[in-house]
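Biologist: Please take a close look at one part of this model and describe what surrounds it. After that, go on to the other local features that can be described with the same care.

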Amino acid sequence: MALGDFLQQLDGLASDAEAAFTAAADTEQLEAARVEFLGAKSGRLKATQKQMGAVDKTDKPAAGKRLNETKQRVDAAFQAAQQRVAAGEQVRRSSSQFVDTSLPGVRPELGHLHPITQTIEELKDIMGRLGFSVADGPEIEDERHNFEALNIPLAHPARDPLENFYLATAEKTSADVLLLRSQTSTVQIRVMEQTPPPIRIISLGRVYRPDTADATHYPMFFQMEGLWVDKHVTMADLKTVLRLFATSYLGRDVHVRFRPSFFPFTEPSVEADMSWGDKWIEFGGAGMVDPNVLSAVGYDPEEVSGFAFGLGIERLCMRRHGITDIREFYRNDVRFLHQF
Ligand code: PHE
């Protein structure tokens, strides 16, 4: 074979390869071009190399030199194309993560207050307008505040272990007996022990009783305690305050009714019912603070009198919203909670 023909073949091969590598748009096309020109078995470079044998012996050094140059050109073109394709793919990958800042955002879910917490806030607000300030007491109580000072003697059935959550305290001396408070009336005692009359407070919080959970009972629930002690406080004041409270919370056409009842710490005692629509519902107990209770905290029953009441907070919230099962409050199903 004439040297001229061989060199021409090499030059043609090099420019074909350069064109193919430059045209390769992605890894696949580039790989196809690589196999066509640089393939170890049947690539065109390999094939041309084989034809070296047919070149005249004297022309071999010149032919070999051009062959090497051609190899280098083709390799260089391949490497350049490889870099270009890799860089392109990088850009494509990152552009798929591109954030379109003009799209409407995803609104983060905000929590909101539990319906009982919302009710508590509203009750504080209503009673605040009637001049009652908020007092607090512990949920773990001693027997003095839960029973004794409230005129509930040792033998009283309300102190039965089956009716209360007593804590397993180390020493069962009477000062050490503790329990989860069964009523917020404990706070009446705590406030009166600390403060001379007049007193006008409410206290809202959890109370605990070992009741089986059903639609109207739960072993933990919330009460709002009210206490007003001053000179000449009467039963009429009690009814007025409860009426104003009930109409503020439930609406104008709510009525309040008293039924005679008994509590060791009030005399006389009543059950307070409210009607809204055609049904009377019991909301809690109330009465005039028993003189024994006033004496137990160092007040003079000849000087001051007072009323107290304890209402179930869940019942109020259930009545307002038409909730029929107290357990809904404590299941914490978001489909329920979302509605408030
Ligand atoms: N503590 C009583 C109860 O839990 C309610 C009550 C409070 C009654 C204040 C009278 C006065 O049932």
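Modeller: In this predicted model, Ser-185 has a relative accessible area of 4%, and because the limit for buried is under 20%, Ser-185 counts as buried. Ser-185 belongs to helix H7, which covers residues 185–194. Leaving aside residues up to four places away in sequence, Ser-185 touches Leu-150, Glu-225 and Phe-265. With Glu-225 there is also a polar contact, side chain to side chain, at 2.8 Å.

Glu-225 itself sits in strand S6. Its relative accessibility is 3%, so Glu-225 is buried too. The side chain of Glu-225 has further polar partners: the side chain of Thr-184 at 2.8 Å and the side chain of Gln-188 at 2.6 Å. Again without residues up to four places away in sequence, the contacts of Glu-225 are Thr-184, Ser-185, Gln-188, Ile-201, Ile-202, Ser-203, Phe-309 and Gly-310. As for distance along the chain and in space, Glu-225 and Ala-63 are separated by 162 residues in sequence and by 109 Å between their C-alpha atoms.

After H7 comes the loop that leads to strand S5 (199–208), and Pro-198 is placed in this loop. The peptide bond between Pro-197 and Pro-198 is cis, with omega about 0 degrees. Another cis peptide bond links Glu-267 to Pro-268, with omega about -5 degrees. Pro-268 is found in strand S8, residues 266–275.

Strand S6, which holds Glu-225, spans 220–230 and is followed by a loop to H8 that contains His-232. His-232 is not glycine, yet its phi is positive, near 65 degrees. With a relative accessible area of 70%, His-232 is exposed, because the limit for that class is over 50%. Asn-332 also has a positive phi without being glycine, near 55 degrees. The loop between helix H11 (328–331) and helix H12 (334–337) is where Asn-332 lies. Its relative accessible area of 45% makes Asn-332 partly exposed.

Helix packing comes next. Two packed helices are described by the angle between their axes and the distance between the axes. Helix H8 (residues 235–250) packs with helix H5 (residues 115–129): their axes come within 10 Å and cross at roughly 130 degrees. H5 is therefore oblique to H8. The crossing of these helices, H5 and H8, is right-handed. On the H5 side, the contact is made by Thr-119, Glu-122, Leu-123, Ile-126 and Met-127, and on the H8 side by Val-241, Phe-245, Ser-248 and Tyr-249. By class, the residues in the contact of H5 with H8 are 6 nonpolar, 2 polar and 1 charged.

Helix H2 (residues 27–38) and helix H4 (residues 60–95) also pack, with axes 10 Å apart and an angle of about 170 degrees. Because an angle over 145 degrees counts as roughly antiparallel, H2 is roughly antiparallel to H4. From H2 the residues in contact are Thr-27, Leu-30, Arg-34, Phe-37 and Leu-38; they meet Val-74, Asp-75, Phe-78, Ala-81, Gln-82, Val-85 and Glu-89 of H4. The contact of H2 with H4 comprises 7 nonpolar, 2 polar and 3 charged residues.

Conventions
Residues numbered from 1 in each chain as written. Predicted model: local features only at pLDDT ≥ 70, side-chain atom pairs only at ≥ 80, totals over all residues. Heavy atoms only, no water. Axes fitted to C-alpha atoms, helices over the stretch in contact; angles between N-to-C directions. Helix = DSSP H or I, 4+ residues; strand = E, 2+ residues; numbered from the N terminus. Parallel < 35°, antiparallel > 145°, perpendicular 65-115°, else oblique. Contact = heavy atoms within 4.5 Å. Nonpolar A, V, L, I, M, F, W, Y, C, P; charged D, E, K, R; others polar. Buried < 20%, exposed > 50% of the residue type's maximum accessible area, 1.4 Å probe, protein only. Polar contact = N/O pair within 3.5 Å; in protein donor to acceptor, adjacent residues only side chain to side chain. Left-handed = near helix turned anticlockwise from the far one by under 90°.
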